Amino acid sequence: SLGCDLSQNHVHVSRKNLVLLHQMRRLSPSFCLKDRKDFGFPQEMVEGSQLQKTQAISVLHEMLQQTFLLFHTERSSAAWDSTLLDKLCSGLHQQLEDLDPCLVQVMGEQASSLGMAVKRYFERIHLFLKEKKYSDCAWEIVRVEIMRRLSLSMNFQER
C-alpha cells in the first residue's frame with residue numbers, strides 16, 4: 001500500500017490510461033514478434049516485498065514520468081492517433097500531479113538505485129526505438145511493454 005491515500009480518481013485514471021494504451025494498438029503484436037526485446041525491467045528490485053511505501057511511490061512516479069516523456073515526443077505523435085495520445089499524456093500528467101503530495105523525498109541508496117534502475121530501463125527503450133528507426137513495430141513492442149509495466153503497478157496502487 002502506498003504511503004498516502006491515493007484518491008479513487010487516481011486509480012480510475014490509471015485504469016483509463018491502460019485502456020487508452022490498449023486502444024492505441026495499430027498492429028497485431030504477433031506481427032512484430034521478430035522485434036521483441038527484453039528491456040530488463042528491474043523486476044526483483046521493484047516487486048520485492050521489502051519495498052517500502054515511500055519507495056513504491058517514487059518508483060511509480062519515475063515510471064509515470066518516464067512514460068510521459070516517452071509518449072510526449074514528436075516521434076511519438078507521428079506514430080499514434082493524436083486524440084488517444086493527447087488523452088494518454090493528459091492522464092499520465094494527472095497521475096503525476098496526484099502523486100506529488102505523496103512524494104516524500106526518499107533518501108538512501110536503495111531509493112536512488114531504484115530510480116536509476118527505472119531510468120536505465122527507459123534508456124534501453126529509447127535506444128531500441130532509435131535503433132529500429134521508430135518503426136511501427138518498435139512502437140508496438142514498446143506500447144505492449146509499457147502496458148504490462150503499468151498494469152503491474154496497479155497492484156500496489158490498489159492495496
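This passage looks at how one pair of helices packs together and at a cavity in the same structure. The model is a predicted one.

Helices α1 and α5 make a good starting point. Helix α1 covers residues 8-23 and helix α5 covers residues 82-99, and their axes come within 9 Å of each other, crossing at roughly 155°. Because angles over 145 degrees count as roughly antiparallel, α1 is roughly antiparallel to α5. As for handedness, the crossing of the two helices is left-handed.

Which residues make the contact? On the α1 side, the list runs through Asn 9, His 10, Val 13, Ser 14, Asn 17, Leu 20, Leu 21 and Gln 23. Helix α5 answers with Leu 84, Lys 87, Leu 88, Gly 91, Leu 92, Gln 94, Gln 95, Asp 98 and Leu 99. Sorted by class, the contact between α1 and α5 is a mix of seven nonpolar, eight polar and two charged residues.

Now for the cavities. The structure has two of them with a volume of 30 Å³ or more, and the second largest holds about 30 Å³ of space. Its lining is made up of Arg 26, Leu 27, Ala 79, Trp 80, Asp 136, Trp 139 and Glu 140. Helix α7, spanning residues 136-158, gives the most to this lining, with three residues. In terms of class, the lining of the second largest cavity splits into four nonpolar and three charged residues, with no polar ones.

Key:
Residues are numbered from 1 along each chain as its sequence is written. This is a predicted model: local features need pLDDT of at least 70, side-chain atom pairs count only at pLDDT 80 or more; totals for chains, interfaces and linings use all residues. Side-chain values use heavy atoms; hydrogens and water are left out. On a 1 Å grid over the protein atoms alone, a cavity is a set of points where a 1.4 Å probe fits but cannot get out, and a pocket is an open set with protein on both sides within 12 Å along at least five of seven lines; lining residues have an atom within 4 Å of a point. Grid points are joined across faces, edges and corners, and a volume is the space filled by probe spheres set on the points. Helices (H or I, at least four residues) and strands (E, at least two) are DSSP runs, numbered from the N terminus. Ala, Val, Leu, Ile, Met, Phe, Trp, Tyr, Cys and Pro count as nonpolar, Asp, Glu, Lys and Arg as charged, and the others, Gly among them, as polar. Axes are lines fitted to C-alpha atoms, for helices over the stretch in contact, and angles run from 0 to 180 degrees between N-to-C directions. Angles under 35 degrees count as roughly parallel, over 145 as roughly antiparallel, 65 to 115 as roughly perpendicular and the rest as oblique. A crossing is left-handed if the near helix is turned anticlockwise from the far one by less than a right angle, and right-handed if clockwise. Contact means heavy atoms within 4.5 Å.
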